[in-house]
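Here's a quick tour of a protein model for the bench. Have the sequence and the 3D view open as you read along.

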Amino acid sequence: MRSVVRRAITAGLAVAAVVATTAGCVESGRGDTGTAGAQAVCPFAADPGVTATARIGFQAIPNADLFVKDRGLLAACLPNAKVTWSQFSSGADVVQAFGAGSLDIGTMGSSPATKALSAPLNLPVRVLWIHDVIGKSESLIAKDNSITSLAGLRGKRIATPFGSTAHYSLLAALGKAGLAADVQLINMTPDAIPGAWNGGQIDAAWVWDPTLSKLAESGGHIVTSSADTAAAGAPTFDLAVASKQFLDENARFAVVWAKLQDYAVTQLRTKPEEAAVSIGAQLGIEPKLVGPQLAGYTYLGAAEQADAKYLGGGFGADLHKTAEFLLSQGGIAAVGDESAYRTGIYGEAAKGASS
C-alpha cells in the first residue's frame, strides 16, 4: 500500500518542480493601494526606520495576508521598506522558491512546511505565523452523487496538489479507511482541477476554495473534509514561513508584519463583511462568496499564536507528528526529534505583536 502512495508522491514532486518555475507576480488588479484607491493608513505608529527588502509569496487562500496586501498596509506601516508580492499555486511551489533563495516570506501548508524542515531538504526556514487552522475549507468533493463515503471512491481518480495540506488530509483519510492502494491519485494544481473535472479526467478532488466552490457549482458534493481528518488526529494549517537569514537580519520588519497580520485577523473576526471586500478582490470573486469560505477556517490572533500551545513552542509537536506521517508515506527521508521542529519555529514576531 505504501509503495503505491510513495510512487505517486515522487511523481508529484517532480511535477511540482516544473510548476514552481511558472509561479510569478500575479495581482488582482487592485494593487496594494487600499480598497477604495485612497492612501492607505497604518493602524498603528509606522516605522520609517525599517529599510528592508522583502519578497513575499502568497496564495489564493482567504486569510489575513490577502487583507494586508489589498489594503496596502505594509507600505503604509513600513514606508521605507521595499516589498514585492508574488503569487504561487501551491505550497510545493513556495518550497521550491525558498530552495532557490528567491523568497523571504511565503505562505504554505503545514505539510510542505514540514517537508522543508525535514531531510533531505533541511531548508534554513522558520515558521513565522499560523495563517489559519484548516477546517471544512479543504474538502474531498465527488462528481457522482451516489458516492457518499470514501468507500465509494474505490477505483476512482482523485486529484489534489501533491505536497499540500489537502494531499496530507487525503492520505490520512485514505489510510484510515484502508483505501490507499485502491484509488488513483493525480497531482494537479488547484487552477488545473476544474478543467480536468469538466473534461471527465477525474472523479473527485481534495482541494480548497475558490476551486472547491467552483466544483460544487458544477454539481459536486462534499464527501469529507479536513475538519474530519483533524478530529481524527491529523490537523492541518496554513502557515507563513520565512528564511532564517531574513529573520535574523530583519527582526523589526517581522514584528510589524505580524502586527499587521494580527490587525487583519481582528478585521476578519469583527468586520467580516468589510474584510470580504478586500479578500474577494484578491481572490477575484464577489464579496458575498467570501463569507462561507472564511467560515471554513479558524484564525488566531498574535496573543493566541504566542502562547505555548503554538508558536511559543508547542507547535513543534504538530510538525513532528506531520513528519512522522510523511515519512510513513515516503514523502521525506527522515524525521528529526521534536526539538528539531521546535527550532523551526520563530515565535518572536508574534510575541512582539502581542505586547
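In what order do the six strands of the open sheet run? The order is S2-S1-S3-S10-S4-S11, and the pairing is mixed. At the edges sit strand S2 (82-87) and strand S11 (297-298), each of which pairs on one side only. Keep in mind that you're looking at a predicted model.

For the big picture, the protein chain carries 17 helices and eleven strands. It has 355 residues, and buried ones make up 55% of them. Take the contacts between residues at least 6 apart in sequence: 81% of those join residues at least 24 apart.

**Two strand pairs**

Let's zoom in on two antiparallel pairs, one from the sheet above and one involving S5 and S9.

| Strand pair | Sense | Bridges | One bridge |
|---|---|---|---|
| S3 (residues 105-109) and S10 (residues 237-243) | antiparallel | five bridges | Gly109 with Asp238 in S10 |
| S5 (residues 138-142) and S9 (residues 221-225) | antiparallel | four bridges | Ile141 with Ile222 in S9 |

Strand S9 is also worth a look for its surroundings: four of its five residues are buried, so the rest of the structure largely encloses it.

**The cavity**

How many cavities of 30 Å³ or more are there? The count comes to one. The largest cavity has a volume of about 50 Å³. Gly109 and Asp238, the bridge partners from S3 and S10, both turn up in its lining. Gln59, Ile61, Gly91, Met108, Pro112, Glu138, Ser164, Thr165 and Trp208 line the largest cavity too. By residue type, the lining splits into four nonpolar, five polar and two charged. Both domains contribute: at least three lining residues come from domain 1 (53-134 + 236-354), and at least three from domain 2 (138-232).

**Ser110**

Is Ser110 buried or exposed? Ser110 has a relative accessible area of 2%, and because buried means under 20%, Ser110 counts as buried. Ser110 belongs to helix H5, which covers residues 110-117. Setting aside neighbours within four places in sequence, Ser110 is in contact with Thr165, Thr236, Phe237, Leu239, Leu319 and Thr322. One of these, Thr165, also appears in the lining of the largest cavity. Two others, Phe237 and Leu239, fall within strand S10 (residues 237-243).

Notes
Residues are numbered from 1 along each chain as its sequence is written. This is a predicted model: local features need pLDDT of at least 70, side-chain atom pairs count only at pLDDT 80 or more; totals for chains, interfaces and linings use all residues. Side-chain values use heavy atoms; hydrogens and water are left out. Buried means under 20% relative accessible area, exposed over 50%, partly exposed in between (1.4 Å probe, protein chains only). Contact means heavy atoms within 4.5 Å. On a 1 Å grid over the protein atoms alone, a cavity is a set of points where a 1.4 Å probe fits but cannot get out, and a pocket is an open set with protein on both sides within 12 Å along at least five of seven lines; lining residues have an atom within 4 Å of a point. Grid points are joined across faces, edges and corners, and a volume is the space filled by probe spheres set on the points. Ala, Val, Leu, Ile, Met, Phe, Trp, Tyr, Cys and Pro count as nonpolar, Asp, Glu, Lys and Arg as charged, and the others, Gly among them, as polar. Domain bounds come from an automatic or database domain assignment. Two strands pair if DSSP finds at least two bridges between them.
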